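I opened a fresh page for this one. Here is what I looked up, in the order I looked.

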Amino acid sequence: MDFVIDTTGSLASDDVLEPSINNENSLVSKLLEEYRQESATKKKAPRKDDKKNSLMDSFFKEMGWKGRKRKKPQRVNVSAELQNLNSKTEIKEVLKKSVITPEFEKQHIAPPFELSEKVLKKQRKKEAELTKGKKWYGLPATEMTEEVKRDLEILQMRSVLDPKRFYKKNDLKVLPKYFQIGKVMDSPLDYYNNRLTKKERKKTLVDELLADSEFNKYNKRKFKEIIQEKQKTHYKAWREAKKLKKKKK
């Protein structure tokens, strides 16, 4: 760039500034053109993905196949879906309390929106019957199946099972309504001989007693004793009846 210094003030300001500005613009334009040419001549470094794609494209062309472009995964707005789900669940909960049902047209009288005190008391009684109460920590009333019924009957007659053990009398003569069935877990401190094997373990108490050989022997012996006592009583009754007949004659 050329600089002109005016010491006398003979040169005008416009005459001096115009050539300097034109020179600056020409230099800037030259620099921009050089930068564009360099950027056009320079080639970008190929990436690994580009090399793979080029090889795959050439392979597809040789085989005569048409390459498929991979679809980009669509992003889903999770927050919007969650909001819709929450709104749906709220609507379902509200519709449960509604009076209008699918069979509303068939009814002769519309059901009341609010239940009476009598109906509420009945519902509370039904709910209270399902458990024993808070004092019994909500002991439930389990379903009485045949297997459970047999197990409870055996527990009531437990004094007959083993004559060497003494048990208290049962508080109830009827089978209980509220009870709960648990599972006895073997402790790791016990020796393996004290534990039951898989074959000895059964689903119910009846199956365990039938599989026990000692219990079966005891039952057979008691059964024979009972039959012998009955036979003796029958024989005595027959003898007494025969004597009475002779006296009448």
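My entries go from the whole chain to a surface patch and then to one acidic residue.

**Entry 1, the whole chain.** I noted at the start that this is a predicted model. I looked up the secondary structure and found eight helices and zero strands. Reading along the sequence, I wrote the pattern down as α-α-α-α-α-α-α-α. Then I checked burial: of the 249 residues in the chain, 4% are buried. For the surface, I got about 26,400 Å² exposed, with carbon and sulfur atoms supplying 55% of it. I also looked at contacts with a separation of 6 or more, and 45% of them join residues 24 or more positions apart.

**Entry 2, a nonpolar patch.** Which residues make the nonpolar surface patch of about 330 Å²? I found Phe-59, Met-63 and Trp-65. I followed up on Met-63, which sits in helix α2, residues 48–63. Met-63 counts as partly exposed because its relative accessibility is 45%, and partly exposed covers the range between under 20% and over 50%.

**Entry 3, Asp-151.** I placed Asp-151 in helix α5, which spans residues 146–156. Asp-151 is buried, yet I found no salt bridge for this residue. How far away is the nearest side chain of opposite charge? It belongs to Arg-150, at 7.9 Å, whereas a salt bridge needs the atoms within 4 Å. What does the side chain of Asp-151 reach instead? I noted the backbone nitrogen of Leu-205, at 3.2 Å. Leaving out residues up to four places away in sequence, Asp-151 touches Thr-204, Leu-205 and Val-206. Leu-205 therefore turns up in both of my lookups, as a contact within 4.5 Å and through its backbone nitrogen.

Notes. Residues numbered from 1 in each chain as written. Predicted model: local features only at pLDDT ≥ 70, side-chain atom pairs only at ≥ 80, totals over all residues. Heavy atoms only, no water. Patch = residues over 30% accessible without salt bridge, like charges linked within 9 Å, V, L, I, M, F, W, Y side chains within 5 Å. Areas by Shrake-Rupley, 256 points an atom, 1.4 Å probe, with all protein chains shown as cover. Helix = DSSP H or I, 4+ residues; strand = E, 2+ residues; numbered from the N terminus. Buried < 20%, exposed > 50% of the residue type's maximum accessible area, 1.4 Å probe, protein only. Lys, Arg positive; Asp, Glu negative; His and termini not counted. Polar contact = N/O pair within 3.5 Å; in protein donor to acceptor, adjacent residues only side chain to side chain.
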